Amino acid sequence: MNATTPTLLYQHLADDVASMIASGTLRPGDKLPSLREMRTRRQVSLTTVTEAFRVLEDRGLIEARPQSGFYVRRRPPLPLPAQSSPSPEPSLVSVNALLWRYMRIAHAGTFGCAVPAAELFPGAQLQKLTSEALRRHSHLLSDYGKPAGLDSLRRQIARRALGWGGRLAVDDIIVTNGCIEALSLCLRAVAQAGDVVAIESPTYFGVLQLLESHGVKALEIPTHPVSGVSLEALELATRHGQVKACLLTPNFSNPLGSLMPEANKRALVEMLAERNIPLIEDDIYGEFHFGRERPLPAKAFDTCGNVLYCSSFTKMISPGLRVGWVCGGRYQAKLEVLKYINSFTTPALMQQVVAQFLESGFDRHIRRLRRACADQVAQTIDGIERYFPAGTRLNPPQGGYVLWVALPEGANAVALMETAAQENISLAPGALFSAREGFANCIRLSCGAPWTPQQANALRRLGELVDANLQDT
Ligand SMILES: Cc1ncc(COP(=O)(O)O)c(C=O)c1O
C-alpha cells in the first residue's frame, strides 16, 4: 500500500460527510453513525474514521457529545439585519383581508397567537376566586361600579409598580378592558384623525388596527431587533412638529422581542418631554423577563407626566379576564372621561378576582410562567436551528415569548401561512406587522405553549414547508 493512501482515505471520508451536511442530507443536530459503524460501512480502519471525524470537528462541522457520540453541529442562528428601514412617509393604515384571514386560522394551530397556552394560566385558582367573589361580594354584579375601577385592584397595581420604581397613587390608575382599551383611550386623548403617530417597525398589528380606527397616520420608525426603536431616527422624525405622539413597546416588543437599553429609555423620555410629544407606552410584556431583573419601563424616567403607561393581566393571568390598566400622567383626567364614554366600567367581578390573585398566588405563578416562556423560546430557537434552511435569521430575545424569524430571501410568508394552516400549524406572516405590508419573508412564531414532541414535530414540519416554499419561488 502506498504511504499516502491513509491520508486520502480519511480526507475522502471527511469530504463525503461534509458534502452530506452541505446538501442538507445530514442536518444540524443529527447524530452521525458511531466510529465502529462507520468503520464497517466504509471498510476502513478505526484510525481513518477517527482522523476523518477530527478533521470535521476542526472544520466546525461536527461536535462530540460526552457519552453520546458525534453530531452535526448546530449553526448558531444568524442575526437579523441591523434595523428595519420603513418608508419615511406617514401613511393612513388600512387593515386588510390578510388580518381577518390570520385571525380565522391563528387559533387553530400552534405558534399563531401571542398568548401563553391555557395550561400555563392559574385556571383552578381563578375558578375558586370567582366563586368566592360571587359569594362574598354579590354587589359586584348589581352595580356599575366606578369608571376608574375597584380601589382594591388599583391599590394592588400601585403597590406592584414600586417594583419598577413607580410611585403611583390609587387615583393615578384607571382599570380598562385589556391593554387594547388602555391604548385606544390614550390615542384618543393625545391625537385626532389625520395626526401622525410614530410607531416601531415592525409593530403589533393591534396597534395598526387602532390607528386605522382613529384615522391616525402611522409613521414607522426604523427599529433594531435587539435594542428597539432607533433614537436617531425618532429624533429626526420629531424635529419639526409633525409627530403628535409616539406609541412604543420598549420592553420585549411584539413581534421583535427587542428591549430598549435603560439609557435609551431615559433619553427617549427626556427628548419627547422637551418636544412636548406624549409617549404612549405599552408594557404588556414587561414581567416576562428571562434575566433576574425586571426591565424598567420608560415610565420610570417620567418626571412630568408625559408618559401614558398601559398594561394588562391578559398575558400574565388570563386573556378572558379582560383586565388592563392605564396611568395617564398629565392626561389622567381626560382619560377618565374617555373611559366613561367608551365603556362606562370594566366588569367588577373580574377586577375583584385579579385583585385577590395579586394578593396571594400571583408572585409564584409569574415566576413559573416566566421560566416556562424562557424554556419554550429556547426550545423553539433550537428547533429552528435544526429544521429551518440555512440563511434563516433571528435574534434570541431577552424576554417575552414571540420570535421574529427572517426566512431566506424569496420566502413568501403569506403563502407559508396558508400551507401550514392546512396541517394545523399556525404562524403570523410579517406583512401583518407593517402599515405597508413589508416583511414579506418574515414570520412571527409564538412560543406560548409548553414544549412537547407534538410541538417539535410541528416545527420540523414547518421547516420542511419553508424549504418547499423557497423552491416554489
Ligand atoms: C403588544 C401588545 N399590546 C396589546 C395587546 C392587547 O392586550 P389585551 O388583550 O390586554 O387587550 C397585545 C396582545 O397581543 C400585544 O401583544
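Asn441 is buried in this predicted model, with a relative accessible area of 12%. That value counts as buried because the cut-off is under 20% relative accessible area. To find Asn441, look at the loop between strand E13 (428–429) and strand E14 (442–446). What lies 2.7 Å from a polar atom of the side chain of Asn441? The partner is the backbone oxygen of Leu407. Leu407 also belongs to the set of residues in contact with Asn441 once neighbours within four places in sequence are left aside. The full set is Val405, Ala406, Leu407, Pro408, Glu409, Ala411 and Ala413.

Another asparagine to look at is Asn395, in the loop between helix H14 (362–387) and strand E12 (402–406). Is Asn395 buried or exposed? Asn395 is buried, and its relative accessible area is 15%. A polar atom of its side chain lies 3.0 Å from the backbone nitrogen of Leu80. Not counting residues up to four places away in sequence, Asn395 touches Leu80 along with Pro79, Pro225 and Val226.

Next comes a proline. Pro295 is found in the loop between strand E9 (279–282) and strand E10 (307–312). With a relative accessible area of 12%, Pro295 is buried. Which residues is Pro295 in contact with, leaving aside its neighbours within four places in sequence? They are Asn251, Phe252, Leu259, Lys265, Gly286 and His289. Take Leu259 as an example: Pro295 and Leu259 are 36 residues apart along the chain, yet 8.4 Å separates their C-alpha atoms.

Now let us turn to the ligand. Where does the ligand sit? Its place is the largest pocket. Around the ligand you will find Gly178, Cys179, Ile180, Tyr204, Asn254, Asp282, Ile284, Tyr285, Ser312, Thr314, Lys315 and Arg322. Helix H8 (residues 178–190) supplies the largest share of this shell, 3 residues.

Some of the surrounding side chains have an N or O atom paired with an oxygen atom of the ligand, as the table shows.

| Residue | Distance from a side-chain N or O atom to a ligand oxygen atom |
|---|---|
| Asn254 | 2.8 Å |
| Ser312 | 2.7 Å |
| Thr314 | 2.5 Å |

How much of the ligand's area does the protein bury? Taken alone, the ligand exposes 390 Å², and the protein buries 92% of that.

Finally, step back and view the whole protein. You can trace 16 helices and 14 strands in it. The C-alpha trace spans about 95 × 55 × 40 Å along its principal axes. The protein has 473 residues, and buried residues make up 53% of them; Asn441, Asn395 and Pro295 are among the buried ones.

How does the chain come together across its sequence? Consider the contacts between residues at least 6 apart in sequence: 75% of these join residues at least 24 apart. As for the outside, the protein exposes about 21000 Å². Carbon and sulfur atoms supply 51% of that exposed area.

Methods
Residues numbered from 1 in each chain as written. Predicted model: local features only at pLDDT ≥ 70, side-chain atom pairs only at ≥ 80, totals over all residues. Heavy atoms only, no water. Helix = DSSP H or I, 4+ residues; strand = E, 2+ residues; numbered from the N terminus. Buried < 20%, exposed > 50% of the residue type's maximum accessible area, 1.4 Å probe, protein only. Polar contact = N/O pair within 3.5 Å; in protein donor to acceptor, adjacent residues only side chain to side chain. Contact = heavy atoms within 4.5 Å. Near = heavy atom within 4 Å. Areas by Shrake-Rupley, 256 points an atom, 1.4 Å probe, with all protein chains shown as cover. 1 Å grid on protein atoms, 1.4 Å probe; cavity = no way out; pocket = protein on both sides within 12 Å on 5 of 7 lines; lining within 4 Å. Sits in = over half its atoms within 2 Å of the grid points.
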